[in-house]
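Q: Could you take me closely through the charged side-chain pairs of this model, and then through the surroundings that go with them? I would like one connected account, with the cut-offs stated as they come up.

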Amino acid sequence: MNNEVKLLGAWPSPYVLRVRIALNMKSVKYDFHEEKLSSKSQLLLQSNPIYKKIPVLIHKDKPLCESLIIVQYVDDVWFSASPILPSDPYDRAIARFWTVYIDQTLYPTMRSIRGASEEDEKKRLIEEVRKGLAMLEDVFKDSSKGKGFYGGDQIGLLDIALGSFLGWLRVVEIINGVKLLDQNNTPELLKWAERFCAHSAVKDVMPETGRLLEFSKTLAKG
């Protein structure tokens, strides 16, 4: 089964990173096809004709799109190892709620900081991100139940959803000379971020901050 798994992606993408972490957690071997952002492959266009975006997981010649859908599919198919979604229906629903918040509110706000032309607007966006992270700090305290991750002893859906953006969060911090995760506002998330990045499923696929920083400069020039 494992040699029938392909992942179409690109190394800087936090959405692709989510899928790589999920596959690593399940010890699934896969072929990684690095896509060029400037010219999309025919395989990508055929596999995701609606959005024409990465990531795309191809399993037994059947393509799947959208990072969180893929992560949940991986959890369903390789269910015997390292469960990603909580077993309790309520906990599962709460995790899904906050992943939607991260994707639809937190990350878009973080991305908007770079494009803000007015200093006041930039400060407002930075404060919005800090407030969002403070809320996720509270969610962590509830969800982790005193353990190391949102998923408890092991990385879960919410860990993957938020943790995939840590590299880009650091880039935003460096470019703007601010701290979004800090000891005063989010002490638990600060420690969580260290644990997450050191996890065996994450450490070899998490992009280096310096490399992301250089990549962000090419995006800015574009």
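A: In this predicted model, the side chains of K26 and D75 meet in a salt bridge, with 2.8 Å from N to O; the term stands for a side-chain nitrogen of Lys or Arg within 4 Å of a carboxyl oxygen of Asp or Glu. This pair links distant parts of the chain, 49 residues apart, since K26 sits in the loop between α1 (14–25) and β2 (31–34) while D75 belongs to helix α3 (residues 67–77). Helices (H or I, at least four residues) and strands (E, at least two) are DSSP runs numbered from the N terminus. Both K26 and D75 are buried, where buried means under 20% relative accessible area, exposed means over 50%, and partly exposed lies in between (1.4 Å probe, protein chains only).

The structure holds 7 salt bridges, and another of them joins K145 to D91, whose closest N and O atoms are 3.8 Å apart. Here too the pair links distant parts of the chain, 54 residues apart, with K145 in the loop between α5 (119–144) and α6 (157–163) and D91 in helix α4. K145 counts as exposed because its relative accessibility is 58%, whereas D91, at 30%, counts as partly exposed.

A third salt bridge, between the side chains of E188 and K191, has an N to O distance of 3.4 Å. Its two residues both lie in helix α8 (residues 187–198), 3 residues apart, about one turn of the helix. An α-helix has 3.6 residues a turn, so residues three or four places apart point the same way. E188 counts as partly exposed at 27% relative accessibility, and K191 is partly exposed as well, with a relative accessible area of 40%.

The loop between α7 and α8 holds T186, which is buried, with a relative accessible area of 0%. Apart from neighbours within four places in sequence, T186 is in contact (heavy atoms within 4.5 Å) with L133, A134, E137, L180 and L181. As for α7 (residues 166–176), 8 of its 11 residues are buried, so this helix is largely enclosed by the rest of the structure. Its buried residues include W168, E173 and N176, and just after α7, G177 takes a positive phi of about 60°.

W168 also appears among the contacts of F215, which, with neighbours within four places in sequence left aside, are W11, P12, L37 and W168. F215 is placed in helix α9 (residues 209–221) and is buried, with a relative accessible area of 18%. F215 and P12 are 203 residues apart in sequence, yet their C-alpha atoms are 7.9 Å apart in space.

There is also charge outside such pairs: K40, K52, K53, R111 and R114 form a positive surface patch. Patches take residues with over 30% relative accessible area and no salt bridge, joining like charges within 9 Å and nonpolar side chains (Val, Leu, Ile, Met, Phe, Trp, Tyr) within 5 Å. R114 lies in helix α4 (residues 89–115) and, at 48% relative accessibility, counts as partly exposed.

Residues are numbered from 1 along each chain as its sequence is written, and side-chain values use heavy atoms, with hydrogens and water left out. As this is a predicted model, local features need pLDDT of at least 70 and side-chain atom pairs count only at pLDDT 80 or more, while totals for chains, interfaces and linings use all residues.

Conventions: Accessible areas come from the Shrake-Rupley method with a 1.4 Å probe; for residues, only the protein chains shown count as cover. Lys and Arg count as positive and Asp and Glu as negative; His and the chain ends are not counted. The place of a charge is taken as NZ of Lys, CZ of Arg, CG of Asp or CD of Glu.
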